[in-house]
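Welcome to a short guided tour. Open the structure in your viewer and keep the selection tool ready.

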Amino acid sequence: IQYHLTNELSSFYFDVSKDILYCDSTDSLKVKQTQTTLYYILDTYRHILTPVLPVLLQEVWNHLPTQWKSKQTSKFDSDSIMGLKIPNFKNIDTLENDTEHFAKIKLPILRLFQREQQQVSKTITKSSQLKVVLHVNASENKLLLDNNELADILQVSFVEVFNTEASVFDQLPHEMIEIGSEKVKMSLVESPLYKCPRCWKHTSEVEDSLCHRCDDVVTHSHL
């Protein structure tokens, strides 16, 4: 439990989630998906830790929004964590496919990024300063990569994916990994854009100005 909390939630998923929750529009699909995932994480740990820390978990449960608990039923008091059902994920049709896709495609790219990042100039201190360029040795990209989603996972400014011919691909001086039948190389370069003062990613075209995403969120939030 401690390993999962520290290494997979705190140092990875929560870091990825912060940018989405803080900077995206509150009514965006991505925010709602992230909030839903966080709820399922909490509900799972509620079930695991209640026998050990019932008072602490009850206090946490008390602070949940009422609508988040509306589908939960308890054998005892409606606001009590005692007697709540075991979390059930069987009704999430895409869960198994999404998990498999992450493990087979996105996780190898994340690990490759972590290795490549060690070679980056010491003047670049944060991943948000980086642009990631992925080279796929194929005439057609069968990995179905979402550039924005990859940028969120890697916590970089943006990601570009190119289908690169074999003659050019072989000359690239970077580590190669194989994902299924595809060969992939990655290069990290400093983003040519400016730091956005709101999200801190280097995605702004004008110095000291908001990037397109933040400008859109701020503009619509005042309507």
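Start inside the protein: select His101, Lys106, Leu144, Leu145, Asp146, Glu149, Leu150 and Ile153, which line the largest cavity. Two elements each give two or more residues to this lining, α4 (95-117) and α5 (147-154). Which element gives the most? That is α5, with three residues. Now color your selection by residue type: the lining divides into four nonpolar residues, one polar residue and three charged ones. The cavity has a volume of about 40 Å³, and the count of cavities of 30 Å³ or more comes to one. Keep in mind that you are looking at a predicted model.

Next, select helix α1, residues 2-23. Where does α1 bend? Look at Leu9, where the helix turns by about 45 degrees. Leu9 is also one of the buried residues of α1, along with Val16, Ser17, Asp19, Ile20 and Cys23. Show the neighbors too: the cover over these buried residues includes α2 (29-49), α5 and α7 (212-221). So you meet α5 again here, after seeing α5 in the cavity lining.

Finally, zoom out and display the whole chain as a cartoon. You can find seven helices and four strands, and from the N terminus on they run α-α-α-α-β-α-β-α-β-β-α. The C-alpha trace spans about 65 × 45 × 30 Å along its principal axes. Of the 223 residues in the chain, 35% are buried. Switch to a surface view to end the tour: the chain exposes about 14400 Å², and carbon and sulfur atoms supply 54% of that area.

Technical notes: Residues are numbered from 1 along each chain as its sequence is written. This is a predicted model: local features need pLDDT of at least 70, side-chain atom pairs count only at pLDDT 80 or more; totals for chains, interfaces and linings use all residues. Side-chain values use heavy atoms; hydrogens and water are left out. On a 1 Å grid over the protein atoms alone, a cavity is a set of points where a 1.4 Å probe fits but cannot get out, and a pocket is an open set with protein on both sides within 12 Å along at least five of seven lines; lining residues have an atom within 4 Å of a point. Grid points are joined across faces, edges and corners, and a volume is the space filled by probe spheres set on the points. Ala, Val, Leu, Ile, Met, Phe, Trp, Tyr, Cys and Pro count as nonpolar, Asp, Glu, Lys and Arg as charged, and the others, Gly among them, as polar. The bend at a residue is the angle between axes fitted to the seven residues ending there and the seven starting there. Buried means under 20% relative accessible area, exposed over 50%, partly exposed in between (1.4 Å probe, protein chains only). Contact means heavy atoms within 4.5 Å. Accessible areas come from the Shrake-Rupley method with a 1.4 Å probe; for residues, only the protein chains shown count as cover.
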